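Hi,

Here is the structure I promised to hand over. Have a look at it first, and my notes follow underneath.

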Amino acid sequence: VVPTLEDASVLLRLLPRSATGQAITNYVSLHTGPKRLEESDGPQQFHIVLVDNGRSKLLAGEMREMLRCIRCGACMNHCPVYQAVGGHAYGWVYPGPMGNILTPSYVGLENAVALPNAATMCNQCGVVCPVKIPLPDLMRTLREEQMARGLKPWAERMGLALWGWAAQQPALYALGTRIAARVMKWMGGSEKLIHRLPFVSGWTDGRDFPAPAGKTFRELYKAQRK
Ligand code: SF4
């Protein structure tokens, strides 16, 4: 809901340009209320029904900035995760980064645990969003809430805690990643594809995992600088 026709015209230009790159959309209807006394035709009565559908709840919470969303889909079109998994993987009405926040906000975080994590945090969505919604910040807030409420599986929480600890021991971390890169390269064989990976069977059940180069980023970086 915007206060004036002038405000509406700004959004009507912004939406198709951000969505499909068109100058204007065909799906705009302008209703000006019931017919006036001097007019010969038009509706006798004019009713507007505004459906709240959880928006008031959103307004009161930390995700209130999502109420600025005009559903242009620019965030989705620039998201590397959306490009890889497609729209149906998001399981509800809204795909992409907007869905990662809107869906848990409307159906409950406990019913959409995977969504705030379906992002690489590259901030492409935050950059292209025409109404400047800080999407990565909101997803991070939802991730923090998931951890605080214990909504993530025990194994995942333990895995992250272990990774967090190892990441603070540079020598151990370098050794661990060197071993993992070589083992995964070996698993990929001549096809360079891993058909089954332990702990991430949700991924390898439906698609293959590309085998890494066999060297860590640090090793490749060091070799390039020589
Ligand atoms: S979050 Fe921003 S970029 Fe994404 S659909 Fe909404 S307005 Fe468009």
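Which side chain meets that of Glu156 in a salt bridge? The partner is Lys152, with 2.8 Å from N to O. Bear in mind that this is a predicted model.

The two ends of that bridge sit in different burial classes: Lys152 is buried, at a relative accessible area of 7%, while Glu156 is partly exposed at 35%. The cut-off for buried is under 20%, so Lys152 falls inside it.

**Other salt bridges**

The structure holds 8 salt bridges. Among them is the one between Arg196 and Asp205, where the closest N and O atoms are 3.5 Å apart; both of these residues are exposed. Glu110, Glu145 and Arg149 are joined into one network by salt bridges that share partners. Glu65 also bridges to Arg68, with the closest N and O atoms 3.7 Å apart. Here Glu65 is partly exposed at 29% relative accessible area, and Arg68 is partly exposed too, at 36%.

**Aromatic pairs**

The count comes to 5 aromatic pairs. One of them is Trp92 with Tyr94, an edge-to-face pair at 6.2 Å centre to centre and 75 degrees between the planes. Trp92 also pairs with Tyr106, this time tilted, at 6.5 Å and 50 degrees. That second pair links distant parts of the chain: Trp92 is in the loop between helix H4 (80–85) and helix H5 (96–107), and Tyr106 is in helix H5, 14 residues apart. Together, ring pairs link Trp92, Tyr94 and Tyr106 into a cluster. As for accessibility, Trp92 is partly exposed at 39%, and Tyr106 is partly exposed at 22%.

**Positive patch**

On the surface, Arg178, Lys185, Lys192, Lys215, Arg218, Lys222 and Lys226 form a positive patch. Helix H9 (170–188) and helix H11 (217–225) are the elements that give two or more residues to this patch. Arg218 lies in helix H11 and has a relative accessibility of 46%, so Arg218 counts as partly exposed. Patch residues need over 30%, so that value is enough for Arg218 on this criterion.

**A proline to look at**

Pro136 lies in helix H7 (residues 135–148) and is buried, at 8% relative accessibility. Pro136 is 13 residues from Asn123 in sequence, and the C-alpha atoms of the two are 6.1 Å apart in space.

Cheers

Definitions and conventions:
Residues numbered from 1 in each chain as written. Predicted model: local features only at pLDDT ≥ 70, side-chain atom pairs only at ≥ 80, totals over all residues. Heavy atoms only, no water. Patch = residues over 30% accessible without salt bridge, like charges linked within 9 Å, V, L, I, M, F, W, Y side chains within 5 Å. Areas by Shrake-Rupley, 256 points an atom, 1.4 Å probe, with all protein chains shown as cover. Salt bridge = Lys/Arg side-chain N within 4 Å of Asp/Glu carboxyl O. Lys, Arg positive; Asp, Glu negative; His and termini not counted. Charge placed at Lys NZ, Arg CZ, Asp CG, Glu CD. Helix = DSSP H or I, 4+ residues; strand = E, 2+ residues; numbered from the N terminus. Buried < 20%, exposed > 50% of the residue type's maximum accessible area, 1.4 Å probe, protein only. Phe/Tyr/Trp six-rings, centres within 6.5 Å; stacked < 30°, edge-to-face > 60°.
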